Amino acid sequence: MLFNLIAVSTAYLKIKNLPFLHLYTVLEFCTLSLLFKSLLKGKVINNILSISIVLFPIVAIGYIGYNDALYKHNVLPRFLSSMSITILCVYFLIRDLTQIKDNQSVFSFMVIVGLLLYFATCSTLFGFSSKIMEMPDKINDLLWNIHASMALIMYLIFAYAYFKLNRQHG
């Protein structure tokens, strides 16, 4: 939410806000990796997630430095992040789908489904965002509106999961 406010404010003031997108990508990936660390038990997956939490920011910063991309779209980090999160969501669902028993696991399931829906559909968009920006404005607007719609659907799923959890506990 903070980054959305920064993005809107800087865009309104006509200040380039792409450096904030780079920071957002790293924070989003690390935060979601920590979420998966708490949900997925196992030494191997926890080691992979711990390494990725350290390695991903290095890759993202390296991308910026190598491509002089501080004020450009972070195509590679966004794509790697979205694909990694998609894979983690699928792994979670395959592993835990038959083990949904209580309200907390239903909540986790719904959150993961929301993340999967958003990141799976947007991975292509993130991967090709620099090419999409070169497309005619109407197509560009359509694709980014689809992205915004997927984010809204994800947040609605989160809200519904929280509502159901809160209603049954409170």
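## The nonpolar core

In this predicted model, the largest nonpolar core, meaning a set of buried Ala, Val, Leu, Ile, Met, Phe, Trp, Tyr and Cys residues joined through side-chain atoms within 4.5 Å, has 32 residues, where buried means under 20% relative accessible area with a 1.4 Å probe and protein chains only. The residues with the most contacts inside this core are F36, I85, C89, I112, L115, Y118 and F119.

Two or more core residues come from each of α2 (18-39), α3 (43-67), α4 (75-96), α5 (103-127) and α7 (137-169), the helices being DSSP runs of H or I with at least four residues, numbered from the N terminus. The largest share, 10 residues, is given by α5. Leaving aside residues up to four places away in sequence, L115 touches L32, L35, C89, A120, M154 and F158, a contact being heavy atoms within 4.5 Å.

## How α4 packs against α2 and α3

The axes of α2 and α4, which are lines fitted to C-alpha atoms over the stretch in contact, with angles from 0 to 180 degrees between N-to-C directions, come within 10 Å and cross at roughly 15°. Because angles under 35 degrees count as roughly parallel, α2 is roughly parallel to α4.

By comparison, α3 and α4 have axes 9 Å apart and pack at an angle of about 165°, and they are therefore roughly antiparallel to each other, a term for angles over 145 degrees.

## Basis of the model

Residues are numbered from 1 along each chain as its sequence is written. Local features need pLDDT of at least 70 and side-chain atom pairs count only at pLDDT 80 or more, while totals for chains, interfaces and linings use all residues, and side-chain values use heavy atoms, with hydrogens and water left out.

Technical notes
Buried means under 20% relative accessible area, exposed over 50%, partly exposed in between (1.4 Å probe, protein chains only). Angles under 35 degrees count as roughly parallel, over 145 as roughly antiparallel, 65 to 115 as roughly perpendicular and the rest as oblique.
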